[in-house]
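Colleague: I am new to this structure and would like to go through a few of its residues with you. Could you show me the sequence and the model?

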Amino acid sequence: MASLGLGGLNVSARRKSVPSRNAAVERRNLITVCRFSVKTLIDRSCFETIDDTSPEFNNFAAILEQILSHRLKGQITWFGYESPRSFWDYIRVACRKVSHNCICSIENMENVGSSRAKGRAWIRVALMEKHLSEYISTALRDFKTTRRFYEDGAIVLGEEANMLAGMLLGLNAIDFSFCLKGEGLDGSFPAVIDYTPYLKYTQSSDSISSDEEELRTLGSTGSEGSTPENIGPPFIMDENSWYNKCKRVEQKYRLALEQKGYLEELVRLRENQLSESVSQNKLLLQRIEDMDLAHKMEKEQLEYIIVELQDQLKSFQSLDQLSAEGSLSQSSLDPGHSQDGKQDGMNLLNEGKEDTPSLLGLCGSLTSVTSYKSLTSLKSSEYLASPTTEMTSPGLTPS
């Protein structure tokens with residue numbers, strides 16, 4: 001029973017591993033074929049212009065379409081059914097952040113109706129603009145949107161996505177020329193990959209030597225008549241083969257020169273951008289320093305104003321206290337004239353309050369407190385004049 005249980009576990013484990021292996025093999029095959037197609041496109045561009053009639057481009061477009069459509073989620077309809085979706089729906093959302101993108105122009109194309117046709121038009125426009133790698137990199141960085149459109153195990157969600165963006169960078173050195181009204185934009189049929197250009201088997205030197213040994217062994221064990229007299233090398237290097245090799249080396253050299261020029265131009269652009277960023281950073285730092293200095297000066301001015309206002313408030317309080325004391329002393333000495341004293345004290349207080357702002361505006365502090373005291377004393381002495389002196393004055397004596 002234990003052996004049967006272990007056997008059942010092994011079978012279930014194998015069943016689970018088979019789908020994962022198939023998915024990994026599918027991803028690896030698509031990425032490898034994409035790398036081969038990019039190389040063939042670069043090689044072909046050294047001799048002719050790449051357009052819609054080029055079989056290398058048609059194969060590359062089919063491969064890229066298969067990669068972007070790998071494990072793409074369907075669209076849920078109102079009735080709960082899942083309808084097929086094109087990779088253009090993902091590109092349209094994920095590539096909005098690319099500066100000067102062509103999304104809106106493709107959406108407004110009149111002769112392109114279906115979503116698949118718009119995706120194929122986007123591939124051609126992005127190649128002509130030399131921004132295909134930038135589009136793919138920007139879309140892959142938006143992991144939230146990518147996760148929303150693709151299922152687990154998709155190429156764009158795995159480690160192969162970074163390889164894809166790096167592979168497509170070499171296509172920026174090619175000048176493409178496409179017509180956006182041809183049959184290649186017809187979205188009524190799916191893209192089919194042609195694997196035959198990449199299925200070339202080259203026999204290694206070890207395998208050739210083993211074949212020679214096997215022929216010698218067979219010749220020694222057989223009859224003398226059947227033994228070959230002269231066993232030469234299996235391959236003879238003629239002039240055509242040497243010419244083809246030289247041609248390939250020349251192609252690689254031209255490709256390296258083009259890539260070198262592209263990278264130098266890219267480095268120059270990045271250096272210009274870096275210098276502009278440095279200058280902008282300096283300007284911002286200078287502006288921040290000026291603003292800090294202005295804020296410090298404004299703070300000092302506000303603190304000075306607060307101190308002056310506090311001094312003025314203290315002087316006002318002392319003035320009110322003096323006026324109150326004068327009115328109390330006058331009322332205690334002359335009860336008959338208390339009401340008049342109070343009225344005069346209020347008038348005097350009002351006059352003092354009206355005079356002090358002008359004095360404060362001129363000198364910044366109150367300096368007339370002593371004069372105010374003398375004025376108060378004079379007023380009180382007038383109120384304290386006795387009636388007997390008035391009756392005995394020379395002007396009022398009876399004759």
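**Loop residues and a charged patch**

Modeller: At 37% relative accessibility, Arg71 counts as partly exposed, because that label covers values between buried (under 20% relative accessible area) and exposed (over 50%), with a 1.4 Å probe and protein chains only. This is a predicted model, in which local features need pLDDT of at least 70 and side-chain atom pairs count only at pLDDT 80 or more, while totals for chains, interfaces and linings use all residues. Residues are numbered from 1 along each chain as its sequence is written, and side-chain values use heavy atoms, with hydrogens and water left out.

Colleague: In which loop is Arg71 found, and what is its phi near?

Modeller: Arg71 belongs to the loop between α2 (55-68) and β1 (75-76), where helices (H or I, at least four residues) and strands (E, at least two) are DSSP runs numbered from the N terminus. Most residues other than glycine have a negative phi. Arg71, a residue other than glycine, has a positive phi, near 55°.

Colleague: Is His100 buried or exposed?

Modeller: His100 is placed in the loop between α3 (87-94) and α4 (103-107), and its phi is also a positive value, near 55°. Because its relative accessibility is 76%, His100 counts as exposed.

Colleague: Where does Lys200 lie?

Modeller: Lys200 helps to form a positive surface patch together with Lys39, Lys245, Arg248 and Lys252. Its relative accessibility is 70%, so Lys200 counts as exposed. Lys200 lies in the loop between α8 (160-168) and α9 (205-221).

How values were computed
Patch = residues over 30% accessible without salt bridge, like charges linked within 9 Å, V, L, I, M, F, W, Y side chains within 5 Å. Areas by Shrake-Rupley, 256 points an atom, 1.4 Å probe, with all protein chains shown as cover. Salt bridge = Lys/Arg side-chain N within 4 Å of Asp/Glu carboxyl O. Lys, Arg positive; Asp, Glu negative; His and termini not counted. Charge placed at Lys NZ, Arg CZ, Asp CG, Glu CD.
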